[in-house]
Amino acid sequence: MLLTEGELHEQVGKLEGWKLDSGAMVRKYQFNDFMKGIAFVDEVAAISEAFDHHPHITIDYKTVILRLTTSEEGGITALDVREAHEFNEAFEKTR
């Protein structure tokens, strides 16, 4: 079920680094070196498989950008928010 505008702003406001952009949640993660970014992407992949919900991932040297939305619902759902929390936790462990 899609989150309302109010729920979206409230939930995303609680997520460090995440922003709303064109119907999706987006976060840019910065790393000290390329391999740490790749290790983070491996963690993102494992989390995504466990959730059976996969983000769009962009890797640009030491920067990883994740973009979350639930295509089947046509926007952002509670699943996206829960997964974003998990990605943030993985980032704290990886950096």
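This report describes the nonpolar core, helix packing, salt bridges, surface patch and backbone of a predicted model.

**The nonpolar core**

The largest nonpolar core holds 21 residues, and those that touch the most other members are Trp 18, Met 25, Tyr 29, Phe 40, Leu 66 and Phe 87. Two or more residues come from each of helix H1 (5-13), strand S2 (24-30), helix H2 (34-51), strand S4 (63-68) and helix H3 (78-94). With five residues, H3 gives the most to this core. In soluble globular proteins, nonpolar side chains tend to be buried together.

Two of the highly connected members can be followed through their contacts, leaving aside residues up to four places away in sequence. Met 25 touches Val 12, Leu 15, Trp 18, Lys 19, Leu 20, Leu 66, Arg 67, Leu 68, Ile 76, Asp 80, Val 81 and Ala 84. Phe 40 belongs to helix H2 and is buried, with a relative accessible area of 0%. Beyond its neighbours within four places in sequence, Phe 40 is in contact with Tyr 29, Phe 31, Val 64, Leu 66, Phe 87, Ala 90, Phe 91 and Thr 94. One of these partners, Phe 87, lies 47 residues from Phe 40 in sequence, while the two C-alpha atoms are 8.7 Å apart in space.

**Helix H3 and its partners**

The end C-alpha atoms of H3 are 24 Å apart, which agrees with the 24 Å that its 17 residues should span at 1.5 Å a residue. Its buried residues are Asp 80, Val 81, Glu 83, Ala 84, Phe 87, Asn 88, Ala 90, Phe 91 and Thr 94. An α-helix has 3.6 residues a turn, so residues three or four places apart point the same way. The buried residues of H3 pack against H1, S2, H2 and S4.

Ile 47, in helix H2, shows part of this packing from the other side. Its relative accessible area is 12%, and Ile 47 therefore counts as buried, the limit being under 20%. Apart from residues up to four places away in sequence, Ile 47 touches Glu 83, Glu 86, Phe 87 and Ala 90. By contrast, 22 Å separate the C-alpha atoms of Ile 47 and Leu 3, which are 44 residues apart along the chain.

**Salt bridges**

The structure holds three salt bridges, and the table gives the N to O distance of each. Side chains of opposite charge can pair when their charged atoms come close.

| Pair | N to O distance |
|---|---|
| Arg 67 and Asp 21 | 3.2 Å |
| Glu 10 and Lys 14 | 3.5 Å |
| Glu 92 and Arg 95 | 4.0 Å |

The side chains of Arg 67 and Asp 21 meet in one of these bridges. Because Arg 67 lies in strand S4 and Asp 21 in strand S1 (residues 19-21), this pair ties together parts that are 46 residues apart in sequence. Arg 67 is partly exposed at 27% relative accessible area, and Asp 21 is likewise partly exposed, at 37%.

In the pair formed by Glu 10 and Lys 14, Glu 10 is partly exposed, with a relative accessible area of 46%. Lys 14 has a relative accessibility of 54% and counts as exposed. In the remaining bridge, Glu 92 is paired with Arg 95, and Glu 92 counts as partly exposed at 45% relative accessibility.

**A nonpolar surface patch**

Phe 34, Met 35, Ile 57, Ile 59 and Tyr 61 make a nonpolar surface patch of about 510 Å². At least two of the patch residues are supplied by H2, and at least two by strand S3 (56-60). Met 35 is placed in helix H2. Its relative accessible area is 55%, so Met 35 passes the limit of over 50% for an exposed residue.

**Positive phi values in two loops**

Two residues other than glycine have a positive phi. For Ser 22, phi is near 50 degrees; this residue sits in the loop between S1 and S2 and counts as exposed at 69% relative accessibility. For Asp 52, phi is near 55 degrees. Asp 52 is found in the loop between H2 and S3, and its relative accessibility of 61% makes it exposed.

Conventions:
Residues are numbered from 1 along each chain as its sequence is written. This is a predicted model: local features need pLDDT of at least 70, side-chain atom pairs count only at pLDDT 80 or more; totals for chains, interfaces and linings use all residues. Side-chain values use heavy atoms; hydrogens and water are left out. A nonpolar core is a set of buried Ala, Val, Leu, Ile, Met, Phe, Trp, Tyr and Cys residues joined through side-chain atoms within 4.5 Å. Buried means under 20% relative accessible area, exposed over 50%, partly exposed in between (1.4 Å probe, protein chains only). Helices (H or I, at least four residues) and strands (E, at least two) are DSSP runs, numbered from the N terminus. Contact means heavy atoms within 4.5 Å. Patches are made of residues with over 30% relative accessible area and no salt bridge: like charges are joined within 9 Å, nonpolar side chains (Val, Leu, Ile, Met, Phe, Trp, Tyr) within 5 Å. Accessible areas come from the Shrake-Rupley method with a 1.4 Å probe; for residues, only the protein chains shown count as cover. The expected span of a helix is 1.5 Å times one less than its number of residues.
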